[in-house]
Amino acid sequence: MQRYKHIVVLGAGSAGFLAGLAFQQVIPDGKVTILRSPKIPVIGVGESTTPAMPLFLHKSLKIDALEFARRVDPVWKMGNRFYFGDSGRKYFDYSFQPAMEHVAPELRKNIMYYLLEGDMHNFCLGSGTMEQHRSPFFKGPDGKLTELNAFGYHIDNQKFLAYVEQLALERGIEIKEADVCDVRQAPNGDITHLIFEGGGEIEADFYADCSGFRGQLIKKVYDVPYVSYSDNLYCDRAVIGSWDRDHPIEPFTTSISMKHGWCWNIELQDRITRGYVYSSAFCSEDDAIAELKAMTPQIGDDLRAIGFPSGRLERHWVNNVVAIGNSSGFVEPIEATALMVVTDQINYASKILLDSYGDVPDMMREKECERVRVIWDDIRDFIVAHYKFNKHFDTPFWKQCRNDCSLGNATEFYEYYKMAGPSTLGKRYICPDSVFGFEGYMNVFLGLKAETDHPPRMMEQDWRDWELYTARMKKNALQALTTEQAIEILSGDNPPGVIGEGKDLA
Ligand SMILES: Cc1cc2nc3c(=O)[nH]c(=O)nc-3n(C[C@H](O)[C@H](O)[C@H](O)COP(=O)(O)OP(=O)(O)OC[C@H]3O[C@@H](n4cnc5c(N)ncnc54)[C@H](O)[C@@H]3O)c2cc1C
């Protein structure tokens, strides 16, 4: 029997709703309440995701992929395109399809050897879909759709929240407006009640703190130490705007180097959002807006500015309170990892509550805190690599990134790559414990042309083989539907095939 009968989720942003929906599945005979402040709005960003998001929505939360496509109007994201690196390469792609270690039938060596000197396009089917502006959907000879299983979503935050709110209500979750200003605690430190401003309270067995950066419970009640990443990652603000769609939908997030940081393009169905992430130590808000507007004359006047801390809590779970989302940590928006961590934290918290029947052993909680610490630090190191090896600008900001940023736990891995080049043996010998894995790091090192003393020595024949291989990837990718075609088919009366059952298409 589950000990928990009532779980309260404090916060109704993306983290709060996703946590509420998952915890409802853990205590189907209990009750979940999501609390939100009528005064504190959601942060309203978090529109780019990794493949973890569709997996979580459709497998963990059992949300029908077709219904989601129709109600939330997502754009399928095949990876990230970076206008980063050195001036010899305009951009490089980070495809969500793992392919780097693959030795294709046409090739003599693994794909990485061909990427350092050549273009980073069409190097797998996923990368082909990015270059050919295609969705993950393929229409078979029988007219049925199949989908490549390596995609994330771009989601309009407002539409997404409206959808998950509706779903939460349909699944019996209570949503309550209240400003939490205090708590009552048991002698062992567990929170027993949340106290509301202006009177009223709520009692529960377990609490999820999804209150955003303020960390209403985890920081204010438990005062958990915060580990800042600001000595390695200097960006701390973003100016964000959008404009109506003026080009066909791109199936990727674009990240573009700027003088004092970088900016994203997130492709929504009807518009594009662009945010300039910059360091306030190097650039004023006015200067950031001026640089953003100069490159984006079409951007609307409804620009908004957000500050953010980069770092994590020392522990995200204390007593009967687990922090999920921005309350537990945030690195920065590049690579769109925040919702990936949210879904991961929720999956693990759900499993812990389920397996322990709500009597969570101390060691389970400690191990989970340790696991999440490793994930945040891993994301920090991976993101630092994007800054450390980018040579697009020579401004003081970028010089400091190149000279002073430390790769942390990935230092040895880079040193190995520097000496040995893109050999897959690196994976066996010295791969950091990373959610991005060997391939993720190699994609970034190769894309940015991080220095190596052991560059590939390819032969003429290798390049002829590479041309054959990439031509095949391009041809296969061209079989996929464009995003516009996919939207039209999926919004029709009888879309062919089942979606949400992605396949590992070679
Ligand atoms: C510039 C920027 C860009 C980002 N881009 C991405 C991205 O592309 N992809 C991605 O995955 N992530 C991104 N993120 C992270 C993103 O913000 C989060 O992943 C996501 O929005 C989750 O936010 P949240 O639910 O934790 O908090 P919020 O959205 O801030 O929600 C907090 C909730 O808590 C409630 N609350 C707070 N205090 C109280 C109180 N005392 N009483 C009652 N209710 C309270 C509020 O009312 C609100 O409902 C970005 C972040 C920033 C700063």
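## A tour from domains to core

Start with the domain assignment: it splits the chain into domain 1 (6-44 + 156-230 + 313-360) and domain 2 (237-307). Colour the two separately. Keep in mind that this is a predicted model.

Measure between the C-alpha centres of domain 1 and domain 2: they are 30 Å apart. Next, select the contact between them. Domain 1 puts in six residues, and domain 2 puts in seven residues. Now colour by class the side of domain 1 that touches domain 2. Four residues there are nonpolar, two are charged and no polar residue appears.

Move on to the largest nonpolar core. It holds 147 residues. Select Ile7, Val9, Leu10, Ala19, Ala208 and Tyr441, which have the most contacts inside this core. Then show helix α9, residues 362-388. Helix α9 gives the most to the core, with nine residues. Both domain 1 and domain 2 give residues to the core, so it lies between them.

Centre the view on Ala208. Leaving aside neighbours within four places in sequence, Ala208 is in contact with Ile7, Val9, Leu10, Ala19, Phe23, Val322 and Ile324.

Zoom out to the whole chain. Switch to cartoon and find 15 helices and 23 strands. Along the principal axes, the C-alpha atoms fill a box of roughly 75 × 55 × 50 Å. The radius of gyration is 23 Å, which agrees with the value near 23 Å for a compact globule of 506 residues. Colour by burial: buried residues make up 47% of the 506 residues.

End with a contact map. Of the contacts with a separation of 6 or more, 75% join residues 24 or more positions apart.

Note on methods: Residues numbered from 1 in each chain as written. Predicted model: local features only at pLDDT ≥ 70, side-chain atom pairs only at ≥ 80, totals over all residues. Domains from an automatic or database assignment. Contact = placed C-beta atoms within 7 Å. Nonpolar A, V, L, I, M, F, W, Y, C, P; charged D, E, K, R; others polar. Core = buried A, V, L, I, M, F, W, Y, C linked by C-beta atoms within 7 Å. Buried ≥ 20, exposed ≤ 12 C-beta atoms within 10 Å, placed from the backbone. Helix = DSSP H or I, 4+ residues; strand = E, 2+ residues; numbered from the N terminus. Rg over C-alpha atoms; globule rule 2.2 N^0.38 Å.
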